Structures are given as C-alpha cells and as structure tokens.
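Work through the exercises below with the sequence and the structure at hand. Each task is followed by a stepwise solution.

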Amino acid sequence: MEKLRIAIQKSGRLSEDSLSLIRECGIKFANGMRKLKSDAANFPIEFLFLRDDDIPGYVEDGVADIGIVGENVAVEKGKDVEVAKRLGFSKCRLSLAVPKSAEYNSIQDLQGSNIATSYPVILGQFLEEHGVKATIHEISGSVEIAPSIGLAEAVCDIVSSGSTLFMNGLKEVETIFRSEAVLIKGKELSEEKQQSLEKLLFRINAVQRGKNNKYILLNAPEESLDKIISILPGMRSPTVLPLAQKGWNSVHSVIKEDEFWEVIDQLREAGAEGILVVPIEKMIS
Ligand code: ATP
Ligand code: ZN
C-alpha cells in the first residue's frame with residue numbers, strides 16, 4: 001500500500017506535540033527523530049523530519065503529502081497548500097514591538113521606520129492594509145535584539161508570554177496574526193493516500209474531542225434528579241442508574257472542558273454528591 005508521507009519539524013517547538021498527537025492516534029513508530037525518515041508499524045504512513053520552514057514547500061512539491069507547521073509559517077511561505085485541520089497546540093501570536101521607552105500611539109507611528117522580522121510577507125500585508133510605509137529588514141533569528149544593535153526601531157516577532165520581548169527592553173504594541181499548529185496538505189493526493197488522510201483526520205478529531213470533554217459521574221438524590229439532569233448538557237441525555245441505597249441515583253454524562261467549573265458549581269448547589277470527573281481518551285461522534 002502506498003504510504004502517506006507526513007513532514008514533521010525535526011527539532012523545535014512543534015516536534016514534541018506533533019509526535020504526541022500521532023501517538024494518541026494509535027500510530028506506532030520508532031522514535032527516530034535523529035533520522036531523516038521513519039516508518040510506522042501499524043498505519044500506512046511515513047515520517048520525514050525537516051526544518052519547519054521547508055515543510056510548506058515540500059508539501060507543495062509533493063515530496064511530502066501532508067505536514068505539521070505553525071500557521072504563521074504556512075501563511076508566510078505562500079505555497080499552494082491547504083489547511084486540512086487546525087491542531088490547537090503551539091498557540092502564539094505575531095506581534096509588533098518597540099523599545100519600552102518609545103512613544104507609541106498607533107500603527108501610524110511606524111511610518112518611515114525600519115522593522116526587523118522573520119515574517120516579511122505577513123508584516124508587509126499588515127502594513128499595506130494600514131497604509132504604513134516602512135522598510136522591512138528580513139532576519140532569520142534573534143529578531144528581538146535588532147533595536148538594541150541599531151538595526152531597526154521596531155520588530156515583528158512571535159510572542160507567547162511576552163517575556164522574551166520584556167527581557168530585551170521591548171513592549172508589544174500590536175498583534176498582527178494569531179497562530180496555532182495546522183495540518184497542511186498538498187493539492188493532489190492519490191486515492192489511496194487520500195483515504196489514509198481521512199482515516200488520520202478521523203482519529204485526530206476523536207482525540208481532540210476527547211481532550212475538550214470530560215466524563216462526569218455523580219450521585220443525585222431522587223428529589224433533585226430532574227434539576228440535575230437539566231444542568232447537564234450531555235451528548236444525548238445522561239445515563240441514570242439506581243443506587244443500592246433507596247432514593248439515590250448515579251448520573252453519568254459528558255461535559256465540555258470549558259464549561260466544567262461552572263457546571264460543577266451548579267450541580268453541587270442542586271444537591272449532587274460524590275462527583276467524579278474522568279478524562280476521556282477518545283470520543284467518536
Ligand atoms: P527550525 O529549526 O525547524 O527552523 P524554528 O526555530 O524556526 O525551527 P521554533 O522556534 O521551533 O522554530 O517554532 C516553531 C513554531 O512554533 C513557530 O513557527 C510557531 O508557530 C510556534 N512557536 C514559536 N514560538 C512559540 C512559543 N513561544 N510558544 C508557542 N509556540 C511557538
Ligand atoms: Zn524555522
């Protein structure tokens with residue numbers, strides 16, 4: 001069977017989460033990140049370990065069929081690839097920053113300035129949309145030091161917590177792009193590869209849904225059962241099982257991770273006891 005080729009960052013911020021996701025999809029492989037290529041034992045997939053910057057190009061050319069990159073890189077490279085799935089990890093933003101001491105009121109303050117970045121395409125589009133003419137200096141790394149060495153008055157760089165900017169005497173003034181890891185695919189996949197991709201996406205969806213939900217079990221006194229059931233959103237309706245002790249039921253349901261604490265509080269108020277919350281490994285819809 002023809003193997004689906006997936007490009008993964010060789011070593012960097014995407015590598016570990018990319019490989020964990022593949023593992024959570026039940027795909028077994030030798031941890032051969034030191035190698036360029038690796039095979040899976042139980043799925044028709046082959047791994048290529050590359051620099052993230054090269055992945056969109058390889059996917060466009062068909063050297064790899066799919067790949068995992070930051071959306072920032074996918075957009076910056078402007079290759080002919082599609083986002084098949086947003087993956088929810090490696091969340092970060094691309095922001096403009098200026099020295100802490102600089103006065104900054106709006107993007108117009110950057111008219112005629114020099115801006116250092118590794119993302120000239122995304123930055124260029126943003127400046128054009130805002131009618132700002134500035135000189136973009138493309139550098140491939142350590143962008144945050146550009147103002148202190150006199151290369152630029154501003155930088156446009158990846159930020160997650162902001163601590164790198166802060167340590168370099170900079171302040172974040174505009175967010176221009178929000179990014180997360182994405183699974184990209186090339187335009188033409190053979191039927192066989194397309195089928196493997198769909199199988200992979202089905203598994204990724206199940207893993208993601210599992211992560212976004214929790215399984216909840218609780219004991220409900222008879223008199224507040226209806227109230228408790230009305231609080232639980234659930235996939236369909238909750239499972240209700242009588243307990244050995246008369247007048248009590250055990251209620252099972254699924255709740256969303258982000259509604260979790262609010263729902264728990266409401267359940268306790270309604271008289272629920274012995275609440276257990278259990279992680280869900282996979283959730284098939
Ligand atoms: P390579 O050697 O493969 O070229 P790199 O140095 O360009 O790696 P990394 O720093 O490993 O890239 O970042 C890879 C991607 O992870 C970025 O393109 C971005 O999408 C995301 N990312 C970068 N910094 C952070 C961060 N601080 N927090 C979360 N995600 C980040
Ligand atoms: Zn890179």
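**Exercise 1. Charge**

How many positive and negative side chains does the chain have, and how far apart do the centres of the two sets lie?

Solution. Start with the conventions. This is a predicted model, in which local features need pLDDT of at least 70, side-chain atom pairs count only at pLDDT 80 or more, and totals for chains, interfaces and linings use all residues. Residues are numbered from 1 along each chain as written, chains are lettered from A and ligands numbered from 1 in written order, and side-chain values use heavy atoms, leaving out hydrogens and water.

Next, count. Lys and Arg are positive, Asp and Glu negative; His and the chain ends are not counted. Each charge is placed at NZ of Lys, CZ of Arg, CG of Asp or CD of Glu. The result is 34 positive and 42 negative side chains, with the two centres 6 Å apart.

**Exercise 2. Overall form**

Describe the fold content and the spread of the chain.

Solution. First, list the elements: eight helices and 15 strands. These are DSSP runs numbered from the N terminus (helices H or I, at least four residues; strands E, at least two). Second, compare radii. The radius of gyration is 25 Å, well over the 19 Å that the globule rule gives for 285 residues, so the chain is more spread out than a compact globule. The radius is taken over C-alpha atoms, and the rule is 2.2 Å times the number of residues to the power 0.38. Third, take the extents: the C-alpha trace spans about 75 × 55 × 30 Å along its principal axes.

**Exercise 3. Cores**

Find the largest nonpolar core and the element that gives the most to it.

Solution. Define the core: buried Ala, Val, Leu, Ile, Met, Phe, Trp, Tyr and Cys residues joined through side-chain atoms within 4.5 Å. Buried means under 20% relative accessible area, exposed over 50%, partly exposed in between (1.4 Å probe, protein chains only). The largest core has 27 residues; Ile6 and Phe47 are among those touching the most other members. Helix α6 (191-212) is among the elements that give two or more residues. It gives the most, five. A second, separate core of 18 residues includes Leu110 and Tyr119.

**Exercise 4. A loop residue**

Is Tyr104 buried or exposed, and what does Tyr104 touch?

Solution. Locate Tyr104: the loop between β6 (92-99) and β7 (114-117). Check its cover: Tyr104 is buried, at 16% relative accessible area. List its contacts (heavy atoms within 4.5 Å). Not counting residues up to four places away in sequence, Tyr104 touches Val98, Asp109, Leu110, Val173 and Glu174.
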